[in-house]
Amino acid sequence: IRKWCKQLLGIFQMRLSVIGAEQLEDTHYLMAANHISWIDIHVINAFKPHYFVAKSEVASWPIFGWMAKQLGTLFIERGKSNSIRNMIQEIAEQLSQKAICIFPEGTSTDGWQVAPFKPNLFEAAIVASTPVYVLAIQYFDLQTGKKTTAPAFIGDMGLVDSMWNLICSPPICAQISISEKLPALKDRKALAELSQSLITAQLRDTR
């Protein structure tokens, strides 16, 4: 998986930069990340393979939906409380042996800010007594060193349009920054707020 994702980044002229890799002291944990693009998953997997939680619509995407299924992605139906409760239980069970990454914003942004983190899925880490880490992802134009919104998958943009934006853009550095292990908080809202604040601070530091 890691090798294939690196090859995919190469197709889109994207270089991977990882900060804080040494912070990961565990083999199974919950990782919370901000969300900018469909390619975020492949950027993270190019560093280290994770299982992901994604909205159910992703399963029907051409090519990438199939890929998501092959990677063991857990799909959640937005707006359905029963689906969320069942997913929390499933994630909690799998966290005993897997590293699972979630995008708590529930949507993608242009990367300049972090949308409020939804706390629901953090409950899985509390139920499983599993460590939580956070990962900030950003994209930079390699020619200017400035942040770029070229990978952003937002609004009514289609997957083909997004891919075309990447192909036409100058070479990009995909930078991920990993935090220290979070305190073992027993409140999902507190975990969500702390995770969001850490990622927000990371984005602010590199403006």
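This briefing describes selected features of the structure shown above.

The model is predicted. Strand E6 (132-141) has 10 of its 10 residues buried, and helix H2 (residues 40-47) is likewise largely enclosed by the rest of the structure, because eight of its eight residues are buried. A search of the whole structure finds zero disulfides. The topics below begin with the strands and continue with the helices, a pocket, the loops and the cysteines.

**Strand E6 and its partners**

- Strand E6 is covered on both of its faces. On one side the buried residues are Val132, Val134, Ala136, Gln138 and Phe140. On the other side they are Tyr133, Leu135, Ile137, Tyr139 and Asp141.
- Strand E2 (residues 29-33) runs parallel to E6, and four bridges join the two strands. In one of these pairings, Leu30 has Val132 of E6 as its bridge partner.
- Strand E7 (residues 172-178) pairs with E6 in the antiparallel sense, over seven bridges. Here the bridge partner of Asp141 is Ile172 of E7.
- Val132 and Asp141 therefore each combine two descriptions: Val132 is buried on one side of E6 and is the bridge partner of Leu30, while Asp141 is buried on the other side and has Ile172 as its bridge partner.

**Helices with a buried face**

- In helix H1 (2-11), the residues Cys5, Leu8 and Leu9 are buried. Viewed down the axis of H1, the buried residues fall within an arc of 100°, so they line one face of the helix.
- The other side of H1 carries Lys3 and Ile11, which are exposed.
- In helix H6 (residues 159-168), the buried residues are Leu159, Ser162 and Leu166. Seen down the axis of H6, they fall within an arc of 65°, so these residues also line one face of their helix.
- Val160 and Trp164 are exposed, and they lie on the face of H6 turned away from its buried side.

**An enclosed helix**

- Helix H2 presents another arrangement, in which Asp40, Ile41, His42, Val43, Ile44, Asn45, Ala46 and Phe47 are buried.
- Eight of the eight residues of H2 are buried, so this helix is largely enclosed by the rest of the structure.

**The second largest pocket**

- The second largest pocket holds about 150 Å³ of space.
- E6, E7 and helix H7 (188-205) each supply at least two residues of its lining. H7 gives the most, with four residues.
- Among the lining residues are Val134, Leu135 and Ala136, together with Ser177 and Ile178. The lining also includes Leu198, Ile199, Ala201 and Gln202, as well as Ile19, Gly20 and Ser179.
- By type, the lining divides into eight nonpolar residues, four polar residues and no charged residues.

**Loops and backbone angles**

- Most residues other than glycine have a negative phi. The two residues described next have positive values.
- Gln13 has a phi near 55°. This residue is found in the loop between H1 and strand E1 (14-19), and its positive phi comes just after H1. Gln13 is partly exposed, with a relative accessible area of 41%.
- Ser129 has a phi near 50°, again a positive value in a residue other than glycine. The loop that holds Ser129 lies between helix H5 (122-128) and E6. Ser129 is exposed, with a relative accessible area of 57%.
- Leu185 is found in the loop between E7 and H7. This residue is partly exposed, with a relative accessible area of 29%.
- Leu185 and Ile126 are 59 residues apart in sequence, yet their C-alpha atoms are 7.7 Å apart in space.

**Cysteines**

- A disulfide is a covalent bond between the sulfur atoms of two cysteines. The search of the whole structure finds zero disulfides.
- Cys173 is in no disulfide, and its nearest cysteine sulfur, that of Cys5, is 17 Å away. The cut-off for a disulfide is a pair of cysteine sulfur atoms within 2.5 Å.
- Cys173 is buried, with a relative accessible area of 7%. Cys168 is partly exposed, with a relative accessible area of 49%.
- Cys5, for its part, is one of the buried residues of H1.

Conventions:
Residues are numbered from 1 along each chain as its sequence is written. This is a predicted model: local features need pLDDT of at least 70, side-chain atom pairs count only at pLDDT 80 or more; totals for chains, interfaces and linings use all residues. Side-chain values use heavy atoms; hydrogens and water are left out. Buried means under 20% relative accessible area, exposed over 50%, partly exposed in between (1.4 Å probe, protein chains only). Two strands pair if DSSP finds at least two bridges between them. The arc is that of the directions from the helix axis to the C-beta atoms. On a 1 Å grid over the protein atoms alone, a cavity is a set of points where a 1.4 Å probe fits but cannot get out, and a pocket is an open set with protein on both sides within 12 Å along at least five of seven lines; lining residues have an atom within 4 Å of a point. Grid points are joined across faces, edges and corners, and a volume is the space filled by probe spheres set on the points. Ala, Val, Leu, Ile, Met, Phe, Trp, Tyr, Cys and Pro count as nonpolar, Asp, Glu, Lys and Arg as charged, and the others, Gly among them, as polar.
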